[in-house]
Amino acid sequence: MKTRVVTPPGGVEEAVRLLAAGEVVGLPTETVYGLGADALNPLACARIFEAKERPLFDPLIVHLPDREWLDRLARPGALAVRLAEAFWPGPLTVVLPRREVVPDLVTSGQETVALRMSGHSVFQQVARTLGRPIAAPSANRFGRISPTTAAHVVSELEGRIPLVLDGGPCPHGIESTIVWVSDQGLSILRHGPVTEEQLAAFGEVKTPDPAMAAPGNLKSHYAPRTPLEILPAPGLIPESIDRTGLLAWSHSGTGFARVEHLSRSGDLREAAANLYGAMRRLDEAGLQNILAEPVPETGLGVAIMERLRKAAARE
Ligand code: TXA
Ligand code: MG
């Protein structure tokens, strides 16, 4: 199979046609590129797991064409409805009790389903024209770096999927925040563009029950092939760095074989948007190892450090 890259507006029609026929398609969202399939068609969803080599115990996020679908797929309480009103369309995923129509393959047999509504205009056009919810994990092979451009999707899934709809680089660059919600409060299962500070305005943010933690939240994830290590503090550079790459926050990178700056102006938003592309370029540079400077762990920095720790984890 040859993987084709198409652009809107014509590409939207093509993507919808393939999705309606039970195929998988690479789609842009505001966070990262997703590998989409008709969420109510188990055979189509099976193709997602196949293309990504994703284990079946790892459930998928379902993207809704509009707010009405929230009640058709799940049983949201008052807090979930308030969160959806505040953050949708946008980079917040809510985990809620599911309804029967959601295929078991999508939820990995769990009683909950993860839902969001993407704020990307191209994704919205696809979902609305299809008129059905779209299951879409990040469009990378399992455990690898999430794609933030159409070219990244091709480098991950070339020959495994028929089409990538190119909507340009993803504005946020890291995956959505995932929250488990009940009327008693909420817990953050994955940090992301919607920060803990923003969520705290809506209810008590509790520590997640370990049994509830995202099933796909393996310790190692988002991982480059080149070993990556996080420095104990910014600017704390070891002596021998001639075959080492630096994922830089504040250091100039002088003396390193290769350097990628997350944000020269110290902007965490820009750093998040650059993170995966920078990791990918360092990974492709034939280095012995990669060192990453830690970023301040406030606001979006929490989500960035969560990704860096997973990229550094080896099991
Ligand atoms: O920004 C995003 O969320 C992107 C774009 C494409 O929307 N999608 C994404 O999907 O990051 P994925 O599959 O790469 O990550 C989804 C995470 C997985 O760790 C999965 O285990 C978790 O969400 N998840 C899905 N359903 C869940 C559920 N019912 N309960 C707990 N965690 C769930
Ligand atoms: Mg992923």
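Contact in this report means heavy atoms within 4.5 Å. Helices (H or I, at least four residues) and strands (E, at least two) are DSSP runs, numbered from the N terminus.

The structure above is a predicted model, in which local features need pLDDT of at least 70 and side-chain atom pairs count only at pLDDT 80 or more, while totals for chains, interfaces and linings use all residues. Residues are numbered from 1 along each chain as its sequence is written, chains are lettered from A and ligands numbered from 1 in the order in which they are written, and side-chain values use heavy atoms, with hydrogens and water left out.

## Two domains

Let us start with the overall layout. The protein is divided into domain 1, residues 4-206, and domain 2, residues 228-312; such bounds come from an automatic or database domain assignment. Between the C-alpha centres of domain 1 and domain 2 there are 27 Å. Domain 1 gives 20 residues to the contact and domain 2 gives 14 residues.

## The sheet of 11 strands

Strands of a sheet pair through backbone hydrogen bonds, either parallel or antiparallel. Here, two strands count as paired if DSSP finds at least two bridges between them. An open sheet with mixed pairing is built from 11 strands, in the order E1-E8-E2-E3-E7-E4-E6-E5-E9-E10-E11. Strand E1 (4-6) and strand E11 (205-206) each have a single partner strand, so at these edges one side of each has no neighbour in the sheet.

At the E11 edge, strand E10 (residues 185-190) pairs with E11 in the parallel sense over two bridges. Serine 187 has lysine 206 of E11 as its bridge partner. Helix H7 (residues 150-157) packs on the sheet and touches E1, strand E3 (34-38) and strand E8 (163-165). The direction of H7 makes about 160° with that of E8. For such values, axes are lines fitted to C-alpha atoms, for helices over the stretch in contact, and angles run from 0 to 180 degrees between N-to-C directions.

## Helices H1 and H6

Two packed helices are described by the angle between their axes and the distance between the axes. How do the axes of H1 and H6 cross? Helix H1 (residues 10-20) and helix H6 (residues 121-130) have axes that come within 9 Å and cross at roughly 45°. H1 is therefore oblique to H6; angles under 35 degrees count as roughly parallel, over 145 as roughly antiparallel, 65 to 115 as roughly perpendicular and the rest as oblique. The crossing of H1 and H6 is right-handed, where the near helix is turned clockwise from the far one by less than a right angle, and left-handed if anticlockwise.

H1 brings Val12, Val16, Leu19 and Ala20 to the contact, and H6 brings Val122, Gln125, Val126, Thr129 and Leu130. Seven of the residues in the contact of H1 with H6 are nonpolar, two are polar and none is charged. In this count, Ala, Val, Leu, Ile, Met, Phe, Trp, Tyr, Cys and Pro are nonpolar, Asp, Glu, Lys and Arg are charged, and the others, Gly among them, are polar.

## Details in the backbone

Two cis peptide bonds deserve a look:

| Cis bond | Omega | Place of the second proline or proline |
|---|---|---|
| Proline 8 to proline 9 | about 0° | proline 9: loop between E1 and H1 |
| Tryptophan 88 to proline 89 | near -10° | proline 89: loop between helix H4 (78-87) and strand E5 (92-97) |

Glutamate 53 has a phi near 55°, a positive value in a residue other than glycine. You will find glutamate 53 in the loop between helix H2 (42-52) and strand E4 (61-63).

## Inside domain 2

Four strands, in the order E12-E15-E13-E14, form an open sheet with parallel pairing. Strand E12 (228-230) and strand E14 (258-261) stand at the edges with a single partner strand each, so one side of each is left without a neighbour in the sheet. Strand E13 (residues 244-248) and E14 run parallel and are joined by four bridges. Glycine 245 has arginine 258 of E14 as its bridge partner. H10 packs on this sheet, touching E12, E13 and strand E15 (289-292).

Helix H9 (residues 268-283) and helix H10 (residues 300-312) have axes 9 Å apart and pack at an angle of about 20°. H9 is therefore roughly parallel to H10. The crossing in which H9 passes H10 is left-handed. Among the residues that meet are Leu275 and Tyr276 in H9 and Ile304 and Leu308 in H10. The contact of H9 with H10 holds 10 nonpolar residues, one polar and two charged.

Finally, histidine 251 lies in the loop between E13 and E14. Leaving out residues up to four places away in sequence, histidine 251 touches Gly235, Ile237, Leu246, Phe256, His261 and Glu293.
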